[in-house]
Amino acid sequence: MTSTLGSPTASPTPPATPPAPVPPASRVARPGWRDPRLWVGVAIVAASVILGSRVLASADDTVAVWVVAEDAAAGEVLGPDDLETARLRFADDDRLARYFTVDDALPEALRLRRGLGAGDLLPRDALGEESLADIVELPVPVAPLLVPPAVTAGSVVDVYVSDRGATSGSQGRRVDTGPARPALAEVTVVDAPRPDDAFAASGDRQVVLAVEASAVSTFYGVLDAMSDPVVSIVRRG
């Protein structure tokens, strides 16, 4: 007889766990043309394109123009080495039309009708072929404090003359001569030595001007009509 004591008892096998159900895959629905989100996106993209194009257009609205490299007096003929380029922004097309841009065809003879200073733009009306035979050099003595230090050869200036001794009557009252007007207007400086090198015995500084021959007698006539003339110079530009 076989004893069952001590015989191993087999453990029951647990039932298998069924697999979890797989959720169905969800698909992202494409927005239809009536979806307001689509039109909002289109509007944002369009605004970005317009803004970007305007920014690029305004990033460089300068124009390349010709400028004079060094001071040049009236009658001088400019060459390629006398010109440089600079990029500038102009307020309107009318102002730009007064000057030569690098895209313009320059005249064959760049003879200056009036002087230009270093860095000045090259104006269209500053060039010409007319004869300069009637242009003469006029030396004008000026008190150092009555001429700007920046006046050099090539500067364009106005020359004013006032009568320091203009009095009338026994009371010594000054004569009202009306608003001051330049005795010489828009004339070119041919030479203007530095103050340290150009003081005469009187202490005046000599400024040599290029003027029309007919203006010389007129200028001296203004000086002769005054008892104590005072000459002062105003630099243009």
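This dialogue goes through a predicted model of one chain, feature by feature.

Student: How many helices and strands does the chain have, and in what order do the elements run?

Tutor: The chain has three helices and 11 strands. From the N terminus on, the order is α-β-β-β-α-β-β-β-β-β-β-β-α-β.

Student: What share of the residues is buried?

Tutor: Of the 237 residues in the chain, 26% are buried. The exposed surface of the chain comes to about 16700 Å², and carbon and sulfur atoms supply 56% of that area.

Student: What share of the contacts joins residues at least 24 apart?

Tutor: Taking contacts between residues at least 6 apart in sequence, 69% join residues at least 24 apart.

Student: How do I read a sheet, and which strands form the open one here?

Tutor: Strands of a sheet pair through backbone hydrogen bonds, and the pairing is either parallel or antiparallel. In this model an open sheet of five strands has the order β5-β10-β9-β6-β11, with antiparallel pairing. Strands β5 and β11 stand at the edges with a single partner strand each, so one side of each has no neighbour in the sheet. From one strand to the next the twist averages 45°.

Student: How many bridges join β6 to β9?

Tutor: Four bridges join these antiparallel strands, β6 and β9. One pairing to look up is Y160, whose bridge partner in β9 is P182.

Student: Which helix lies across β5, β6, β9, β10 and β11?

Tutor: Helix α3, residues 213–224, lies across those strands, and α3 runs at about 25° to β5.

Student: Is strand β1 mostly covered or mostly open, and what does β1 pair with?

Tutor: Strand β1, residues 63–68, is mostly covered, with five of its six residues buried. Six bridges join β1 to strand β3, residues 83–88, and the two run antiparallel. As one pairing to look up, V63 has L88 as its bridge partner in β3.

Student: Where is E84, and is E84 buried or partly exposed?

Tutor: E84 is found in strand β3. Its relative accessible area is 44%, so E84 is partly exposed. Apart from neighbours within four places in sequence, E84 is in contact with V65, W66, V67 and A69. E84 and E70 are 14 residues apart in sequence, and their C-alpha atoms are 9.6 Å apart in space.

Student: Now the charged pairs. What is the idea, and how many salt bridges are there?

Tutor: Side chains of opposite charge can pair when their charged atoms come close. The cut-off used is a side-chain nitrogen of Lys or Arg within 4 Å of a carboxyl oxygen of Asp or Glu. By this rule the count is three salt bridges.

Student: Where do D104 and R124 sit, and how far apart are they in sequence?

Tutor: The side chains of D104 and R124 meet in a salt bridge at 2.7 Å, N to O. This pair links distant parts of the chain: D104 lies in the loop between α2 and β4, R124 in the loop between β4 and β5, 20 residues apart. D104 has 25% relative accessibility and therefore counts as partly exposed. R124 is partly exposed too, with a relative accessible area of 36%.

Student: Which residue forms a salt bridge with D158?

Tutor: R236 does, with the closest N and O atoms 3.0 Å apart. The two are 78 residues apart, D158 being in strand β6 and R236 in the segment after β11. D158 is at 6% relative accessibility, so D158 counts as buried. R236, at 38%, counts as partly exposed.

Student: Which residues are joined into one network?

Tutor: E186 and R236 also meet in a salt bridge, at 3.8 Å, N to O. This pair links distant parts of the chain as well, with E186 in strand β9 and R236 in the segment after β11, 50 residues apart. Through shared partners, salt bridges join D158, E186 and R236 into one network.

Student: What is the phi of E186, and is E186 buried or partly exposed?

Tutor: Most residues other than glycine have a negative phi. E186 is not a glycine, yet it has a positive phi of about 55°. With a relative accessible area of 49%, E186 is partly exposed.

Technical notes
Residues are numbered from 1 along each chain as its sequence is written. This is a predicted model: local features need pLDDT of at least 70, side-chain atom pairs count only at pLDDT 80 or more; totals for chains, interfaces and linings use all residues. Side-chain values use heavy atoms; hydrogens and water are left out. Buried means under 20% relative accessible area, exposed over 50%, partly exposed in between (1.4 Å probe, protein chains only). Two strands pair if DSSP finds at least two bridges between them. Axes are lines fitted to C-alpha atoms, for helices over the stretch in contact, and angles run from 0 to 180 degrees between N-to-C directions. Contact means heavy atoms within 4.5 Å. Accessible areas come from the Shrake-Rupley method with a 1.4 Å probe; for residues, only the protein chains shown count as cover.
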